[in-house]
Amino acid sequence: MHSGAVLAVAGWNKFVETFFNAQVMAKYLPDILYGTLVTVELAVLIVIAGIGFGLVLALVRALAIRPLNWLIVFVVDLLRALPPLVIIVLLYFGLPSAGWSPSGFMSTWLSLTLVLMAFSEEIFWAGITSVHKGQWEAARSTGLSFGQTLIHVVLPQALRLTIAPLTNRTIAITKGTALGTVVALHEILGMASSAVSNSYNPSPLILGAAAYLVLFIPVVVVARRIETKFAWKK
Amino acid sequence: MEEIVANFFNAEIATAALPLVASGILNTILLSLMVIPLGLAAGLVLAVLAQSKNPLVRWPLMAWVDFFRAFPPLVLLVLLFAGLPFMGLELGGFACVAVAFMLNNSAYYGEVLRAGIDSVPNGQIEAARSTGLSSTQAMTYVVLPQAVRNVLPDLLSNTLEVVKLTSLGSVVAVPELLFAARQAQSTTFNATPIVMAAVIYYAMLWPLVRLLSRLENRALAGRH
């Protein structure tokens, strides 16, 4: 055999042994699976609370109570302008001096929930305002109350428009659960990183990366379908 | 109340942390100035390639975009920062951020720009070509300016996210704003520097947030 080919094979073997080490992967697989559970749990709780609170805020905003709306706009703007990691760090490292020590899970959940709340409020609000004024007037003139008009006439039309941007935003924010690793949360990245430092081998990171892909690729593919179905633009 | 002020809005600590935090601002700006053009350039390449009718080009592109939409940027960053040294390649935090965010953003900017190019009617390209412009010239002078204008809110929105994303640099020891604030916080045992960082991010990015909010509302107005 040519010496070049021998070197290439040796290099390839070393690469596989380093990054796809079966022994190391087998050893840390349970850790990564545990981390995956934490990531899924966190992501589900963020999506439910974030979108739920966002919808509530948008509905409150529709009541058009001036001082309340200023407050909502201020909070939403603030949460859209701050990097999520800054909020997580502020809660985790800052709040203890105010007498409350939230766990890594709590800090990450609360931060990302607030961020998703802000973005979804904006999206819901944009959807609500996109419904023409005449629709409100027509519905009210048939005798529907404000609440009935909102729920039966405006929201069904508004929500259709919000689906595509909301899906995109939700994916981007739930991917942010990886930020929890900075505040000692044992989600996928956290588990993978500590496995790398324990084993002096990067294979657990590859395993962790694979776990993220397994979780999120289906979501992204579904999102792509939704996007074409409920296109935001013509 | 006094305790809150002492722990979160401590003027003495803010003054002491100021030089460190100021250098953090500078690095955040530098990092953004590096990452945004890299992402835009990579995204533009993807968007132009996506115009191809050849499935051998389209399918890998779609896979690339979906891959990076599914992959958390922090995981990508840690993979480069902690993984590459095992191959004897040590890039350093700054370069890792550049590469990781370029890959991540190629997908996001790429999708936005692709939608922009798709929004320009075919007749425009045909008209431009019939005047004697080459296809590259037609793309550069006719299609892209309109494409960018059509998706400007999405481009800006993504750019806002990119600037916020630079805070991940703190995880790989790039001395940007959040890293500087955390350093000051851990030496003073006081949260004031992190509050400072939050206020600075807010001050820098709030105008963009407001602008976006307006553009988004306008894009939706009158759609029913």
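**View 1. Helices that cover α7 of chain B.** In this predicted model, the cover over the buried residues of α7(B) includes three helices of chain B, namely α2 (11-49), α5 (93-119) and α6 (122-130). The residues of α7(B) that are buried are B:A138, B:M139, B:V142, B:V143, B:L144, B:Q146 and B:A147. Helix α7, which comprises residues 135-150 of chain B, has a kink of about 45° at B:V143, and this kink comes shortly before the proline B:P145.

**View 2. Surroundings of B:L74 in helix α4 of chain B.** B:L74 belongs to helix α4 (residues 73-83) of chain B, and because its relative accessibility is 1%, where under 20% is the criterion, B:L74 counts as buried. When neighbours within four places in sequence are left aside, B:L74 is in contact with A:A178, A:L179, A:T181 and A:L189 of chain A, as well as with B:L168 and B:V171 of chain B. Between the C-alpha atoms of B:L74 and B:L205 there are 21 Å in space, and the two residues are 131 residues apart in sequence.

**View 3. Helix α9 of chain B, with its cap and its buried side.** For the 12 residues of helix α9 (residues 177-188) of chain B, a rise of 1.5 Å a residue gives an expected span of 16 Å, which agrees with the 17 Å between the end C-alpha atoms. Buried in α9(B) are B:L177, B:L178, B:A180, B:A181, B:A184 and B:Q185; these residues lie on the same side of α9(B), because they cover an arc of only 160° around the axis. At the N-terminal end, α9(B) is capped by B:E176, a side-chain oxygen of which lies 3.2 Å from the backbone nitrogen of B:L178, while just after α9(B) the residue B:F189 adopts a positive phi of about 55°.

Technical notes. Residues numbered from 1 in each chain as written. Chains lettered and ligands numbered in written order. Predicted model: local features only at pLDDT ≥ 70, side-chain atom pairs only at ≥ 80, totals over all residues. Heavy atoms only, no water. Bend = angle between axes of the 7 residues up to and from the residue. Helix = DSSP H or I, 4+ residues; strand = E, 2+ residues; numbered from the N terminus. Buried < 20%, exposed > 50% of the residue type's maximum accessible area, 1.4 Å probe, protein only. Contact = heavy atoms within 4.5 Å. Expected span 1.5 Å × (residues − 1). Arc of directions from axis to C-beta. Polar contact = N/O pair within 3.5 Å; in protein donor to acceptor, adjacent residues only side chain to side chain.
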